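Here are some short exercises to work through with the structure open in front of you. Try each task before reading its solution.

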Amino acid sequence: MLAHASDEVVSIVIELYLQQGLELCMRHRLKITDELAEKLTPPKTAASEDQQAARAQWLVTLAKLCFDQGSYHLACKKYTQVRQRCND
């Protein structure tokens, strides 16, 4: 039980750091590079459905930011990780 709670705390901390990082990129119009996109990508773990849905939504947000910046290959890569097609 304690190990499970510890895993949840770690997940929350990672999520907060990722959120702050993405907000900084958006606020200061920082160009998302391949390396930065990977660092902003939440780890894929055997998580609950809610956590998987949150990760998917996160990747879609990151993909949209990459697309808006003209980084179409990065956007497509992030959409693919969520199993969405790159139509635009």
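**Exercise 1: a pair on one helix**

Glu35 counts as exposed (over 50% relative accessible area, 1.4 Å probe, protein chains only; buried is under 20%, partly exposed in between), with 53% relative accessibility. A quick note: this is a predicted model, where local features need pLDDT of at least 70, side-chain atom pairs count only at pLDDT 80 or more, and totals for chains, interfaces and linings use all residues. Residues are numbered from 1 along each chain as its sequence is written, and side-chain values use heavy atoms, leaving out hydrogens and water.

Task: find which side chain meets Glu35 in a salt bridge (a Lys or Arg side-chain nitrogen within 4 Å of an Asp or Glu carboxyl oxygen).

Solution:
- Look at Lys39: its side chain meets Glu35 at 3.2 Å, N to O.
- Check the spacing: the two are 4 residues apart in helix H2 (residues 34–39), so about one helical turn separates them. Helices here are DSSP runs (H or I, at least four residues), numbered from the N terminus.
- Check the cover: Lys39 is exposed too, at 56%.

**Exercise 2: a small network**

Task: work out which residues are linked with Glu38 in a network of salt bridges.

Solution:
- Start with Lys77, whose closest N and O atoms to Glu38 are 3.1 Å apart. This pair joins helix H4 to helix H2, 39 residues apart.
- Next, Lys78 also bridges to Glu38, at 3.1 Å. Here the partners are 40 residues apart.
- Compare cover: Lys77 is partly exposed at 38%, whereas Lys78 is buried at 0%.
- Put together, Glu38, Lys77 and Lys78 form the network.
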